[in-house]
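Welcome! Here are three short exercises, each with a worked solution. Try each task before you read on.

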Amino acid sequence: MKKLLSSVMAAAMVASMSTMAFAADVTTIMVNDSSRIYKDNDGILYEVKNDEHIKPGEKIYIELLSESYDKITSTDVKNHKVVTDWISGGEVFQKAAIENKKTAEKTGKYTIKKGEKAPFGLKDSYETLEELTTALNEAKKHDESCKIKDCENPDHLLPLDENDKANVMKMYTEVFTNDYRYFVAVYTKSSLNVKPVDFIGSVKVIKKNQSTSTAAESKVINTVVGFDKAEVTGSYHTVDNSQPVLDFSGTEGDLELTFGDIAMFVVNVTNQGDLHMGYTTKPDTEILDQNPNANIEFLTFEAQPSFGRIGTMMLLGNENVFVYEKTNTGLKEIKTKYDEEYEALTFKTRTLTSYVISDKELKFVNDDTTSNVPSETPTVKPDGNKDNPSTGAGSDMMAAALMLILSTAGAVAVSKKVK
């Protein structure tokens with residue numbers, strides 16, 4: 001019995017020592033004020049400033065550091081968690097997690113792009129931008145007006161002008177080193193809200209067995225979540241998706257908005273508030289598959305911006321095409337008029353939605369067609385329901401309820417009489 005007890009105790013001691021050894025192998029990881037901020041660009045992270053704006057739905061990445069300067073492993077990550085605390089902008093925060101991402105770090109070097117040949121006697125690579133700039137300032141080119149045999153003589157060579165230098169700089173590219181590292185990814189919620197939100201708070205990383213209130217170093221985030229805004233002036237503006245929110249306070253009267261080479265919208269914007277005018281021409285594969293013989297274009301306004309006044313939408317192109325609005329229940333044909341001056345199909349609207357333009361009639365189209373003049377917006381009750389005067393549904397329900405009450409009262413009276 002004593003031998004058995006001794007064996008059990010020895011095994012327990014070995015197990016506890018193994019557990020302690022495993023715990024000691026877990027490196028403490030963290031974020032702090034020295035942690036750099038990154039954003040994703042086509043799957044590769046590039047360093048940015050802490051105060052650089054974030055678009056709704058974008059992520060920022062905080063550099064994860066090791067307390068012992070050892071390389072962070074997947075085991076280290078599994079034993080830690082992220083804790084956030086937001087002073088402002090908590091409503092746009094979605095989640096935070098530790099992720100392994102590919103990074104691009106600047107080396108400071110510049111090299112000639114693939115397929116290019118260094119001109120004017122320049123080298124293929126330079127250790128710094130300063131070296132490349134100095135070489136450009138010292139480089140010489142042939143005097144094209146020189147007609148004599150000794151044009152190679154230094155006296156007949158000219159310095160590069162600013163245009164030459166700019167063209168040469170386009171032939172070189174900055175060299176980056178790529179590596180995979182761990183980061184804290186801070187996710188923001190997708191939104192089409194035009195109002196920017198201050199996003200201020202702290203992020204820290206602690207061990208999973210620790211309380212969220214555990215004191216630990218943190219990284220302060222101080223930025224803004226929102227879309228870049230374009231200030232509209234004058235009577236013409238080309239919408240740029242990199243600045244999808246338009247500020248109309250700097251203009252009034254009729255404004256012509258252009259969306260690439262596919263459409264224009266003319267509307268009075270006096271006292272018009274900010275609107276998200278971002279658009280896409282991305283095709284709807286389901287509609288394409290249903291109509292394989294049709295040439296179809298798409299124009300979608302994701303935010304469905306609604307103006308205070310009715311305007312004229314102009315879809316540029318051939319007169320002999322069909323125009324539809326894409327709705328939740330299918331395609332709805334739009335009645336249009338052809339404007340010969342603009343060479344465009346036109347219709348009236350105050351709200352920009354999703355449009356489909358086809359050279360052939362499309363399948364799965366609703367029977368009803370939209371009017372070329374929009375109807376007034378139905379009155380919205382406090383509970384969000386719309387009035388429906390055409391059906392009289394509300395009055396019918398009240399009548400039914402009244403009949404039920406009267407019949408119930410009659411039944412009670414009869415019951416009393418019988419008794």
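Strands here are DSSP runs of E with at least two residues, numbered from the N terminus. The model is predicted.

**Exercise 1.** Find where phenylalanine 120 lies, then look up its phi.

*Solution.* Start with the place: phenylalanine 120 sits in the loop between strand 7 (93-112) and strand 8 (125-126). Next, take the backbone angle: phi of phenylalanine 120 is positive, about 55°, although the residue is not a glycine. Most residues other than glycine have a negative phi. Finally, check accessibility: partly exposed covers the range between under 20% and over 50%, and phenylalanine 120 has a relative accessible area of 36%, so it is partly exposed.

**Exercise 2.** Do the same for glutamine 304: which loop holds it, and what is its phi?

*Solution.* Glutamine 304 belongs to the loop between strand 20 (296-300) and strand 21 (306-316). Its phi is positive, near 45°, and this residue too is other than glycine. With 44% relative accessibility, glutamine 304 is partly exposed.

**Exercise 3.** Is lysine 39 buried or exposed, and which polar partners does its side chain have?

*Solution.* First, locate lysine 39 in strand 2 (residues 37-41). Its relative accessible area is 12%, and therefore it counts as buried. Then turn to the side chain: one of its polar atoms lies 3.1 Å from the backbone oxygen of histidine 53. The lysine 39 side chain also makes a polar contact with the side chain of glutamate 58, at 3.3 Å. Last, list contacts beyond four places in sequence: those of lysine 39 include Ile44, Tyr46, Val48, Ile60 and Tyr61.

Methods
Residues numbered from 1 in each chain as written. Predicted model: local features only at pLDDT ≥ 70, side-chain atom pairs only at ≥ 80, totals over all residues. Heavy atoms only, no water. Helix = DSSP H or I, 4+ residues; strand = E, 2+ residues; numbered from the N terminus. Buried < 20%, exposed > 50% of the residue type's maximum accessible area, 1.4 Å probe, protein only. Polar contact = N/O pair within 3.5 Å; in protein donor to acceptor, adjacent residues only side chain to side chain. Contact = heavy atoms within 4.5 Å.
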